[in-house]
Amino acid sequence: MNRYIKILFIKNGIPSGGTYVYKTSLDVQLGEIVMLTEKAKGIIIGFVPPALIEKPEEVKEIFWQIPRKEDKS
């Protein structure tokens, strides 16, 4: 099942630009950094209910989920 996520692009390590909606079937969390393309990263700043997506077939899917670092404390 797809989840629709609100993304803020990250440029040179700093969130920048407007927000965009992407989709993913992965278990992602607020504040998580994901790969949007092979070179572009973004941070998840929110979730969008599927009912608010006008053209779900046109929403791009994220490229890849960056593995979370294990907390070894």
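Two strands pair if DSSP finds at least two bridges between them. Keep that rule at hand for this tour of a predicted model.

**Stop 1: strands β1 and β2**

Select β1, residues 3-11, and then β2, residues 14-24. The two strands run antiparallel, and eight bridges join them. Eight bridges meet the rule of at least two, so β1 and β2 count as a pair. For one rung of this ladder, pick Leu8 in β1. Its bridge partner in β2 is Thr19.

**Stop 2: the turn at Asn12**

Now follow β1 to its end and select Asn12. This residue lies in the loop between β1 and β2. The hairpin has two residues between its strands. What is the phi of Asn12? It is near 55°, a positive value in a residue other than glycine. Most residues other than glycine have a negative phi. Is Asn12 buried or exposed? Asn12 counts as exposed, because its relative accessibility is 74% and the cut-off for exposed is over 50%.

**Stop 3: the other partner of β1**

Go back to β1 and add β4, residues 41-48. These strands also run antiparallel, with seven bridges joining them. Select Lys6 to see one of the links: its bridge partner in β4 is Gly46.

**Stop 4: the salt bridge**

Next, select Arg3 and Asp27. They form a salt bridge, with the closest N and O atoms 3.7 Å apart. How many salt bridges are there by the rule used here? The count comes to one. The pair links distant parts of the chain, 24 residues apart. Arg3 sits in β1, while Asp27 is in the loop between β2 and β3, the latter spanning residues 33-35. Arg3 counts as partly exposed because its relative accessibility is 29%, and partly exposed runs between 20% and 50%.

**Stop 5: Glu32**

Stay in the loop between β2 and β3 and select Glu32. Glu32 counts as buried, because its relative accessibility is 7% and buried means under 20%. Where does its side chain reach? It reaches the backbone nitrogen of Gln29, at 2.9 Å.

Now show what surrounds Glu32. Leaving aside neighbours within four places in sequence, Glu32 is in contact with Asp27, Gly42, Ile43, Ile44, Gln65, Ile66 and Arg68. Asp27 is the salt-bridge partner of Arg3 from the previous stop. Finish by selecting the C-alpha atoms of Glu32 and Ile43. They are 5.6 Å apart in space, and the residues are 11 apart in sequence.

How values were computed
Residues are numbered from 1 along each chain as its sequence is written. This is a predicted model: local features need pLDDT of at least 70, side-chain atom pairs count only at pLDDT 80 or more; totals for chains, interfaces and linings use all residues. Side-chain values use heavy atoms; hydrogens and water are left out. A salt bridge is a side-chain nitrogen of Lys or Arg within 4 Å of a carboxyl oxygen of Asp or Glu. Helices (H or I, at least four residues) and strands (E, at least two) are DSSP runs, numbered from the N terminus. Buried means under 20% relative accessible area, exposed over 50%, partly exposed in between (1.4 Å probe, protein chains only). Contact means heavy atoms within 4.5 Å. A polar contact is a pair of N or O atoms within 3.5 Å; within protein, one must be able to donate a hydrogen and the other to accept it, and residues adjacent in sequence count only if both atoms are side-chain atoms.
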